[in-house]
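Here are a few short exercises to work through with the structure open in your viewer. Try each task before you read its solution.

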Amino acid sequence: MVRVVVDDEALVRSGFGLILGAAEDIEVVATASGGDAVETVRRERPDVVLLDIRMPDVDGLTVLRELRMMPDAPVVAMLTTFDADEYILTALHSGAAGFLLKDTEPEQLAQLVRTLAAGGVVLSPKASRTLLHSHPRAEAAVDEEAARVRLLTARERDVLALVAEGLSNVNIGARIHLGAGTVKDHVSAIFTKLRVTSRVQAALLAQRAGLLDERPQPEATL
């Protein structure tokens with residue numbers, strides 16, 4: 001059972017709560033406004049938190065950092081409209097595990113939460129393109145960082161491409177016939193070579209480097 005907290009706008013909270021509550025393997029343990037998010041998470045200990053990147057009463061990035069500093073911190077995905085939001089890159093570097101559009105199709109939402117809970121990435125090609133186009137000054141830097149993908153071995157490139165598709169270590173291992181521990185070692189080496197600290201950052205660079213252009217794109221992500 002995946003335990004979830006949904007945060008911020010009343011309409012989004014109620015809509016997401018109804019959709020996720022209908023899934024047999026997902027329990028919405030709480031919804032909260034921005035100012036109550038940290039205390040709610042401390043009390044409920046959810047696996048996944050869906051957090052608005054922009055909130056009227058508290059800075060979503062501050063809440064993100066506080067949540068990521070907790071012992072056994074939950075996975076935090078940011079809710080956004082991708083409306084040229086200047087905070088997205090900062091959220092990436094602050095430990096966000098992905099981004100969900102507020103108008104995500106209902107039939108996709110539960111699967112995206114499952115992906116997050118399993119340690120996967122929620123960052124579609126559409127989302128990453130919008131992110132980069134919203135931050136043109138960051139584009140050159142990202143291109144330079146994406147060039148580090150050339151440092152990876154062929155197997156590491158395979159693993160990175162599957163990370164960018166949103167797969168967890170267990171699912172990656174099943175796809176390419178490796179043990180989860182071996183996949184974990186590959187992911188650690190990838191992080192070191194790419195100089196990133198999260199699966200989302202690695203996925204963004206994989207997409208920028210064109211790794212996903214070489215393989216069929218699943219429709220299960222955003």
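**Exercise 1.** Leaving aside neighbours within four places in sequence, find which residues Leu160 is in contact with.

*Solution.* Keep in mind that this is a predicted model. Start at Leu160 and drop everything within four places in sequence. Next, keep any residue with heavy atoms within 4.5 Å. You end up with Val149, Leu152, Ile190, Leu194, Ala202, Ala206 and Leu211.

Now zoom out: Leu160 belongs to the largest nonpolar core, a set of 51 residues. Along with Leu51, Leu67, Met78, Phe99 and Leu194, Leu160 touches the most other members. A separate core of 20 residues includes Ala110, Leu112, Val113 and Leu116.

**Exercise 2.** Work out how the lining of the largest pocket divides into nonpolar, polar and charged residues.

*Solution.* First, list the lining: Arg68, Val75, Gly95, Ala96, Ala97, Leu116, Gly119, Gly120, Thr197, Ser198, Arg199 and Val200. Then sort them, remembering that Gly counts as polar. That gives 5 nonpolar, 5 polar and 2 charged. The space in this pocket comes to about 260 Å³.

**Exercise 3.** Decide where the pLDDT is below 50.

*Solution.* Begin with the overall picture: the mean pLDDT is 81, and 84% of the residues reach 70 or more. Then look at residues 216–222, where the pLDDT is below 50. Beyond near neighbours in sequence, this stretch has 19 contacts in the model. Go easy on those, though: where pLDDT is low, the predicted coordinates should not be read in detail.

**Exercise 4.** How many helices and strands does the protein have?

*Solution.* Count the runs and you get 11 helices and 5 strands. As for burial, 52% of the 222 residues are buried.

Definitions and conventions:
Residues are numbered from 1 along each chain as its sequence is written. This is a predicted model: local features need pLDDT of at least 70, side-chain atom pairs count only at pLDDT 80 or more; totals for chains, interfaces and linings use all residues. Side-chain values use heavy atoms; hydrogens and water are left out. pLDDT is the predictor's confidence in each residue, from 0 to 100. A nonpolar core is a set of buried Ala, Val, Leu, Ile, Met, Phe, Trp, Tyr and Cys residues joined through side-chain atoms within 4.5 Å. Buried means under 20% relative accessible area, exposed over 50%, partly exposed in between (1.4 Å probe, protein chains only). On a 1 Å grid over the protein atoms alone, a cavity is a set of points where a 1.4 Å probe fits but cannot get out, and a pocket is an open set with protein on both sides within 12 Å along at least five of seven lines; lining residues have an atom within 4 Å of a point. Grid points are joined across faces, edges and corners, and a volume is the space filled by probe spheres set on the points. Helices (H or I, at least four residues) and strands (E, at least two) are DSSP runs, numbered from the N terminus.
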